[in-house]
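Please look over the sequence and the model below before reading on. The report that follows deals with charged side chains and with the nonpolar core.

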Amino acid sequence: MGLYGFKPQFKPKILSGEKRHTIRAPRKIEDKPGNTFYGYVGLRQPGEEKIIEAPYVKGEPIIIEPSAHLIEISGVRLSSDEMEAFARADGFEGWLQMRLFWRDANVFAGVLHHWDFDRREPC
């Protein structure tokens, strides 16, 4: 069972199905396919709101190097066009906005978590 907190800016894109993954630092115990993914705005805060409950699909290693204009997923480096599309799918306006979000991370190595939006439960 995975609990994931999201910034309010991502809520509309998660609810619409435009955003179907999230990037996180590695956890001590990673989710496994078939587990349930729970997404919240304001997780563990007064007024928290569950916004998605869906089957967890998979986790993939991801590396982001904003200064090097690099995103690598499962060992595959994305092209400029793919980075732009990936940034939009992750809830940003484009690669520039995503790069600014990650600018403090010289090199980020984490996990790209996917959920099955089409099999979500009502919240």
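Lys-11 is partly exposed in this predicted model, with a relative accessible area of 24%, and its salt-bridge partner Glu-49, with a relative accessible area of 33%, is partly exposed as well. The closest N and O atoms of Glu-49 and Lys-11 are 2.9 Å apart; because Lys-11 belongs to helix α1 (residues 11-16) and Glu-49 to strand β4, the pair ties together parts that are 38 residues apart in sequence. The structure holds eight salt bridges, among them those in the table.

| Salt bridge | N to O distance |
|---|---|
| Glu-49 and Lys-11 | 2.9 Å |
| Lys-50 and Glu-53 | 2.6 Å |
| Glu-60 and Lys-58 | 3.8 Å |

Glu-53 is buried at 17% relative accessible area, whereas Lys-50 is partly exposed at 29%; likewise, Glu-60 counts as buried at 16% relative accessibility, while Lys-58 counts as partly exposed at 37%.

Asp-31, in the loop between β2 (21-24) and β3, is buried yet has no salt bridge, the nearest side chain of opposite charge being that of Arg-27, 4.4 Å away. Since a salt bridge requires the nitrogen and the carboxyl oxygen to lie within 4 Å, that separation does not qualify. The side chain of Asp-31 does, however, make polar contacts with the side chains of Tyr-4, at 2.5 Å, and Asn-35, at 3.3 Å.

The largest nonpolar core has 28 residues, and those with the most contacts inside it include Ile-71 and Phe-86. Strand β4 gives the most to this core, with six residues. Ile-71 touches, among others, Ile-62, Ile-64, Phe-86, Trp-95 and Met-98.

Notes. Residues numbered from 1 in each chain as written. Predicted model: local features only at pLDDT ≥ 70, side-chain atom pairs only at ≥ 80, totals over all residues. Heavy atoms only, no water. Core = buried A, V, L, I, M, F, W, Y, C linked by side-chain atoms within 4.5 Å. Buried < 20%, exposed > 50% of the residue type's maximum accessible area, 1.4 Å probe, protein only. Helix = DSSP H or I, 4+ residues; strand = E, 2+ residues; numbered from the N terminus. Contact = heavy atoms within 4.5 Å. Lys, Arg positive; Asp, Glu negative; His and termini not counted. Polar contact = N/O pair within 3.5 Å; in protein donor to acceptor, adjacent residues only side chain to side chain. Lists of a residue's contacts leave out its neighbours within four places in sequence.
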